[in-house]
Amino acid sequence: MRFTARSAAVRIGAGALALSLLAGGAVVAQAALTKVPSEVQAGDYKLDPAHGKITWSVDHLGFSTYTGQFVNVQAELKLDPANPSASSLTASIPLTEVASNSDGLNRHLQTADFFDTANHPVATFRSVHIMLDPAKPNEAMVHGELTLRGVTRPVTMEVEFNQAGQTRGGYKAGFDGEATIKRSEFGINFGLPALGDEVELHIEGEFVKQG
C-alpha cells in the first residue's frame, strides 16, 4: 500500500470534516437548550428520581452542621411559562429513604422521636401559589403546604430555574430550591434545644416532560 501526500491530505480533510460535523452537532444541541423561563415548553412533567433529591442540614450540638438526604423523591410539575401562577407542584418524600451516612441514625430517624414512619412513612408537599421575581425572571417563590408526621404547615421555597432542553432522557427542565422549616412545628422535638430546631432544605430536580 502506497502512502502519498495526497492520500494523507484526503484523510486529514475527511477527519477535519468529521470534526466539523461533530462540532456543528454539539452547537446545535447546545442551541436547543435555554436558560430563559418563557422559552420552556409548557406541559406536565415528572421528576427524574435519579436526578432529584432533598439535602437537609441541621445544627448538631453547636459542633457542626449535620447533613443528610432524602432520595427516591416523586414529584409532578404542571408548567405554564406564559402564566406561572397557573403552574403547580406536588411531591411525595419517602421518609424511609433517608440517607444520613449512619445506619444507627437512619434507624433512629424512623422512630417516634423523629419521623414516626410506622404511622407516617411519607411526607408530602403541594404548591398553593407560585410567583415569579419581577427583578429575576429565573427565580420564583413557591408557596405551599408541607405535611410531615400528619401535621400540615405552610412552607415557602425559593426556586431557581437552571435550564431546559432536549436530552437523551427526553425534554427536561432543571431547578434548584431552598427552604427552611422548624421541626418542632411538626411535632419533632427530640433533642431540643441542643439539636437545632431549624432545618435547611436544598432541593435539586430535573423534570422530564410527559407525553
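**Exercise 1.** In this predicted model, determine how the residues of the lining of the second largest pocket divide into nonpolar, polar and charged.

*Solution.* Begin with the composition: the lining comprises 4 nonpolar, 8 polar and 5 charged residues. Next, consider the space that this lining encloses, which comes to about 240 Å³. Of the 17 lining residues, those closest to the centre of the pocket are N162, G174, F175, G205 and E206. Finally, assign the lining to secondary structure: β1, β8, β9 and β10 are the elements that each contribute two or more residues to it.

**Exercise 2.** Identify which residues of the largest nonpolar core touch the most other members, and list what F207 touches beyond four places in sequence.

*Solution.* The core holds 41 residues, and the ones touching the most other members are V40, Y45, W56, F70, F115, F125 and F207. At least two core residues come from each of several strands, among them β1 (43-60), β4 (88-94) and β10 (195-209). Turning to F207, and leaving out residues up to four places away in sequence, one finds that F207 touches Y45, K46, L47, A75, L77, L89, Y171, K172, A173 and F175.

**Exercise 3.** Decide whether S92 is buried, partly exposed or exposed, and describe its surroundings.

*Solution.* First locate S92, which lies in strand β4. Its relative accessibility is 26%, and S92 therefore counts as partly exposed, since that class lies between the cut-offs of 20% and 50%. Beyond four places in sequence, S92 touches V73, Q74, V122 and A123. As a last step, compare chain and space: S92 and A75 are 17 residues apart along the chain, while their C-alpha atoms are separated by 6.2 Å.

Key. Residues are numbered from 1 along each chain as its sequence is written. This is a predicted model: local features need pLDDT of at least 70, side-chain atom pairs count only at pLDDT 80 or more; totals for chains, interfaces and linings use all residues. Side-chain values use heavy atoms; hydrogens and water are left out. A nonpolar core is a set of buried Ala, Val, Leu, Ile, Met, Phe, Trp, Tyr and Cys residues joined through side-chain atoms within 4.5 Å. Buried means under 20% relative accessible area, exposed over 50%, partly exposed in between (1.4 Å probe, protein chains only). Helices (H or I, at least four residues) and strands (E, at least two) are DSSP runs, numbered from the N terminus. Contact means heavy atoms within 4.5 Å. On a 1 Å grid over the protein atoms alone, a cavity is a set of points where a 1.4 Å probe fits but cannot get out, and a pocket is an open set with protein on both sides within 12 Å along at least five of seven lines; lining residues have an atom within 4 Å of a point. Grid points are joined across faces, edges and corners, and a volume is the space filled by probe spheres set on the points. Ala, Val, Leu, Ile, Met, Phe, Trp, Tyr, Cys and Pro count as nonpolar, Asp, Glu, Lys and Arg as charged, and the others, Gly among them, as polar.
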